[in-house]
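Here is a short, friendly tour for anyone who likes to know which side chains meet which. Have the structure open beside you as you read.

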Amino acid sequence: MSTENEGTAVPPAPSAPPVPVDAPAPSAPATPEGSERTAPLPPVPPSAPGAPGQQPVHAGHAPAYASAESGGAQQGSGGSAPDSSWPPPPPATPSYSDGGSGSYSGWGSTYEPQPSPKRKSGRGGLVAAILVAALVAGGLGGGLGYTLARNNDDNSGSTTVSASTSGGAVKRDAGTVAGVAARALPSTVTIEAESNSGEGGTGTGFVFDTQGHIVTNNHVVADALDGGKLTATFPNGKKYNAEVVGHAQGYDVAVIKLKNPPSDLKPLTLGDSDRVAVGDSTIAIGAPFGLSNTVTTGIISAKNRPVASSDGTGSNASYMSALQTDASINPGNSGGPLLDAQGNVIGINSAIQSTGSGGLGGSSQSGSIGLGFAIPINQAKYVAQQLIKTGKPVYAKIGASVSLEDSTNGAKITESGNGGSSSVESGGPAAKAGLKPGDVITKLDDRVIDSGPTLIGEIWTHKPGDTVTITYERGGKSHTVQLTLGARTGDS
């Protein structure tokens with residue numbers, strides 16, 4: 001769970017006027033002392049798409065890498081009349097930069113037309129001149145157009161008309177993507193987590209309250225646990241040290257708190273993820289591959305999507321009944337808000353379907369393929385409140401071990417639990433409801449259960465004490481029973 005700039009080449013354009021049809025080959029032009037140079041392309045980051053695979057992984061924190069250094073292009077000076085090697089080579093492409101600036105001369109803005117020499121006789125010269133004129137006509141038109149527009153104020157007889165104003169200020173309504181982004185960006189932070197050994201990466205978080213609590217993903221801050229370093233940077237450039245208040249590995253939710261938080265924090269408004277509909281517009285904010293404050297858009301592609309995500313390191317997976325979106329989400333987006341069209345948080349971006357294999361920070365990372373998954377905010381809000389209150393997560397449970405193997409038939413209660421213990425907890429909710437090893441759970445309320453991970457994700461959308469209806473099969477017959485969910489505190 002790589003980003004490349006793509007585009008078409010810029011067509012060459014003349015940096016001198018065309019040779020008239022009746023002109024002989026003039027002398028060679030003087031070479032300018034300073035000419036534009038084409039800047040080298042920035043290096044491709046080590047997170048380019050990798051080997052094929054099909055497994056949802058955390059959207060992750062992006063590995064840190066340096067941006068390409070930029071430099072301004074040099075200006076060229078005016079030259080003499082063109083020679084017989086016309087047309088000249090195309091002008092240098094303006095250098096691209098990341099946060100820097102560059103300059104270049106406008107086509108046709110630096111030359112002065114030379115007097116036309118008398119034509120020499122000969123048909124070959126005429127054909128060559130016509131060919132040259134045809135090759136450069138398009139570029140020269142642009143150059144002359146620029147020159148005429150530039151000199152409009154000096155030519156009283158010109159028919160070119162200039163606009164009297166710049167068009168006025170642009171007004172963006174609050175309901176537009178630009179309006180939503182303008183309100184949400186100041187409350188979104190880029191998180192950098194670093195372990196004691198110097199390993200780490202970049203993720204995202206958002207302001208949860210005025211006390212300085214920031215909500216993000218567990219896997220974003222995992223490197224900073226046990227004495228690591230954690231910072232949060234706002235779009236205005238202000239950076240704050242932070243500490244982990246609590247983290248829930250199973251939910252993949254964590255809360256951090258800014259040290260010496262500013263007094264003007266504005267928490268993002270939380271929406272209602274239960275009321276989200278397929279087709280609703282979405283806006284994702286994050287730091288894909290370290291590119292902070294990036295805004296992307298899409299729609300809700302599906303609801304209640306069962307997702308078991310992993311960072312590829314062999315650690316325990318996280319389970320969610322996710323909101324699926326096609327908004328572009330990449331490593332570094334993890335922990336960032338998924339907003340609705342009004343700017344309310346409806347989810348926490350957490351995982352993407354990947355065509356590559358390998359863990360976060362590895363060279364085999366791949367980017368967005370339009371299948372992103374977010375933790376519903378109704379669930380994340382409950383988890384965050386528990387973490388702030390006690391520092392530990394609280395999970396709902398049925399008190400039975402189920403198989404985690406891929407299946408389409410349901411969640412089967414295993415014959416034995418971990419270490420040979422009973423798979424059905426004595427006195428637990430499942431035991432009280434009469435469930436036994438070998439039973440296959442096929443529905444939880446009105447949700448179809450096709451596997452163990454699906455069942456876990458659905459259970460964790462509820463709170464301890466909730467009463468749910470379980471449909472299961474035993475001996476080829478279907479049965480229905482109600483049970484009250486129990487509670488488990490902390491990650492096991």
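The report below covers the chain as a whole, then its salt bridges, then its aromatic pairs.

**The chain as a whole**

Please keep in mind that this is a predicted model. The chain contains 6 helices and 20 strands. Of its 492 residues, 41% are buried. The accessible surface comes to about 25,300 Å², and carbon and sulfur atoms supply 50% of that area.

**Salt bridges**

Side chains of opposite charge can pair when their charged atoms come close. A search of the whole structure turns up 4 salt bridges. Three of them are set out here, including their closest N and O distances.

| Salt bridge | Closest N and O atoms |
|---|---|
| Asp439 and Arg474 | 2.8 Å |
| Arg447 and Asp446 | 3.4 Å |
| Glu458 and Arg447 | 3.9 Å |

Let us begin with the pair Asp439 and Arg474, whose closest N and O atoms are 2.8 Å apart. Asp439 sits in the loop between helix H5 (429-432) and strand E16 (440-444), while Arg474 belongs to strand E18 (residues 467-474), so this pair ties together parts that are 35 residues apart in sequence. Is Asp439 buried or exposed? With a relative accessibility of 2%, Asp439 counts as buried. Its partner Arg474 is partly exposed, at a relative accessible area of 30%.

Next comes Arg447, which forms a salt bridge with Asp446. Arg447 is partly exposed at 29% relative accessibility, and Asp446 is exposed at 56%.

Arg447 also pairs with Glu458, where the closest N and O atoms are 3.9 Å apart. What does this contact tie together? Glu458 is in helix H6 (residues 452-459) and Arg447 in strand E17 (residues 447-448), so the pair ties together parts that are 11 residues apart in sequence. Glu458 is buried, with a relative accessibility of 7%. Through shared partners, the salt bridges join Asp446, Arg447 and Glu458 into one network. Within that network, then, you can find an exposed residue, Asp446, a partly exposed one, Arg447, and a buried one, Glu458.

**Aromatic pairs**

Now for the rings: the structure holds 5 aromatic pairs. One of them is formed by Tyr251 and Tyr395, and why is this pair called stacked? The ring centres are 4.4 Å apart and the planes meet at 15°, so the pair is stacked; the cut-off for stacking is an angle under 30 degrees. This contact links distant parts of the chain, with Tyr251 in the loop between strand E6 (239-248) and strand E7 (253-258) and Tyr395 in strand E14 (residues 394-397), 144 residues apart. Tyr251 is buried at 2% relative accessibility, and Tyr395 is buried too, at 0%.

Another pair brings Tyr319 and Trp460 together: their ring centres are 6.0 Å apart and their planes lie at 70°, so the pair is edge-to-face. Tyr319 is in strand E10 (residues 318-325) and Trp460 in the loop between H6 and E18, so the contact ties together parts that are 141 residues apart in sequence. Both Tyr319 and Trp460 are buried.

Which residues make up the aromatic cluster? Tyr251, Tyr319, Tyr395 and Trp460 form one cluster. If you are browsing the model, try selecting these four rings together, and then the network of Asp446, Arg447 and Glu458.

Methods
Residues are numbered from 1 along each chain as its sequence is written. This is a predicted model: local features need pLDDT of at least 70, side-chain atom pairs count only at pLDDT 80 or more; totals for chains, interfaces and linings use all residues. Side-chain values use heavy atoms; hydrogens and water are left out. A salt bridge is a side-chain nitrogen of Lys or Arg within 4 Å of a carboxyl oxygen of Asp or Glu. Helices (H or I, at least four residues) and strands (E, at least two) are DSSP runs, numbered from the N terminus. Buried means under 20% relative accessible area, exposed over 50%, partly exposed in between (1.4 Å probe, protein chains only). Rings of Phe, Tyr and Trp (its six-membered ring) pair if their centres lie within 6.5 Å; planes under 30 degrees apart count as stacked, over 60 as edge-to-face and the rest as tilted. Accessible areas come from the Shrake-Rupley method with a 1.4 Å probe; for residues, only the protein chains shown count as cover.
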